[in-house]
Amino acid sequence: MTSPISSTTPNLTTTLADLSKSEQRPNVGNGPTGLLQDSGEKPSYQDFLTTGAPTGFATLSDVFDSMTQTVGLLKKGIEGLTKMSGLAGDARGALLEAQSSEDLSLRGDALGQFGQLPAEISTIALSAEYEGRSLLAEVTRTETVEATSVSVTLVYSNYTDLQDAFALEAEDPADQIDEALEFLDAFLETLREHKGELTKGFEAIRGGDGVPALLSEIFPNIDVDLTQDDLEEEAIQVLALQTRQELAGSTQSLTPESQLNALRFFS
Amino acid sequence: MALKVELKPGERIIIGESLIRNDNQRTRLFIEGSAPILREKDILRPDSADTPAKRIYLAVQLMYLSGSIDRVKDQYLQLISDLIGAAPSTTPIIKEVSTYLATDEFYKALKAAKKLIEYEGMLLDHVQSSGAGLPNDGQAG
């Protein structure tokens, strides 16, 4: 869903779509937005106004939607892997304690905790939060973040059958503990690797070629020398906008949302 | 790693969906987890959002507290569209705010929005110091 955009300043009705039409494109040199003059001089404030400020916010809305979905999925994946690591780590701690103890019930409890891991981890891996993806399916998936140069490769582990993976071959409890510990060390390392991959993907999206590059198309890097008159003109426009927003109740439109969180304690 | 926060006597802080009010002594809190945290000095009440930049800050604050841009995304887009229309020189800061919002870095977006308020204040100071105001015909823009 795109946001309805209405320019409240008469001069600034040019959208990015309009700028792409050749008859409206000013005769300017190459720059991120074509607003830099061939002479290499910085455009004046008035040039900036007449050639149009970035008003293509319908596109920004799409960026938000796309990024929210992708970034959100990555974050949830990282959180899920962290939860799994927590469970596996706790079980490992219990096994280590049991390994050095002669207490048979302690050993039994530790092995029981290990035995519950497949079900607990499976619940996390198949959570609806991951939108049909399993954190532990044997899949290598490449997600390309739309309209950026960032490809995020999501690599999942090979534990398609957790019960089989966690099954212990040893019969003696002491040997089972050793076997379980060895397995958990490898499992935790796998989770760490996958978390690292998701984190790298996350950082790539946040990095220069990801969202910042995408938003540079929507918010062009305008290098404008503002004169004192320009600043005063902007200030006047801001004051006028302030009045229009007050009359339109712009803050009131946000008030209902502020009642849904702790800000309500400040009303 | 826990975040250390020191509260002055009587100071309030929002943590998640709760408001914590300190008693009459300085207190040190160690906060772990990912719940949003807002100290009283960083909280903008809706009735105090009386300028375009403050309204944008309020929108970003709401996103931070809810952990999502969805609910106020449209209002945010309209507010930044209006402010850039009025003052194009705010574009770089608004781009910074929007970049952080797009990548789920809400607290950084809030800090950038605070810069926007400061910049707006600087702009408005120009009007006050130069004596400029609305044109004599009373028309805005």
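**Exercise 1. Find how many residues each chain brings to the contact between chain B and chain A.**

Solution. Chain B gives 64 residues and chain A gives 62 residues. Keep in mind that this is a predicted model.

Next, take the area. The size of an interface is often given as the accessible area lost when the parts come together. Here chains B and A bury about 5500 Å² between them. Of that, 68% lies on carbon and sulfur atoms.

Last, look at single residues. On the chain B side, B:R55, B:L77 and B:K95 lose the most area to chain A. Together they make up 11% of what that side buries.

**Exercise 2. State how many salt bridges link chain B and chain A, and describe one of them.**

Solution. The count is 2 salt bridges. One joins the side chains of B:E105 and A:R206, with N to O at 3.5 Å.

Now ask which elements of chain B touch chain A. β2 (12-15), β3 (18-21), α1 (52-66), α2 (73-86), α3 and α4 each supply at least two residues. The largest share, 14 residues, comes from α2(B).

Then sort that side by type: 32 nonpolar, 18 polar and 14 charged residues.

**Exercise 3. Decide whether B:D104 is buried or exposed, and say what sign its phi has.**

Solution. First, locate B:D104: the loop between α3 (91-102) and α4 (106-130) of chain B.

Second, check accessibility. B:D104 has 16% relative accessibility. Buried means under 20%. Therefore B:D104 counts as buried.

Third, check the backbone. Most residues other than glycine have a negative phi. B:D104 is not a glycine, yet its phi is positive, about 70 degrees.

How values were computed. Residues are numbered from 1 along each chain as its sequence is written. Chains are lettered from A and ligands numbered from 1 in the order in which they are written. This is a predicted model: local features need pLDDT of at least 70, side-chain atom pairs count only at pLDDT 80 or more; totals for chains, interfaces and linings use all residues. Side-chain values use heavy atoms; hydrogens and water are left out. Helices (H or I, at least four residues) and strands (E, at least two) are DSSP runs, numbered from the N terminus. Buried means under 20% relative accessible area, exposed over 50%, partly exposed in between (1.4 Å probe, protein chains only). Contact means heavy atoms within 4.5 Å. Buried area is the accessible area (1.4 Å probe) that two parts lose on being put together, summed over both. A salt bridge is a side-chain nitrogen of Lys or Arg within 4 Å of a carboxyl oxygen of Asp or Glu. Ala, Val, Leu, Ile, Met, Phe, Trp, Tyr, Cys and Pro count as nonpolar, Asp, Glu, Lys and Arg as charged, and the others, Gly among them, as polar.
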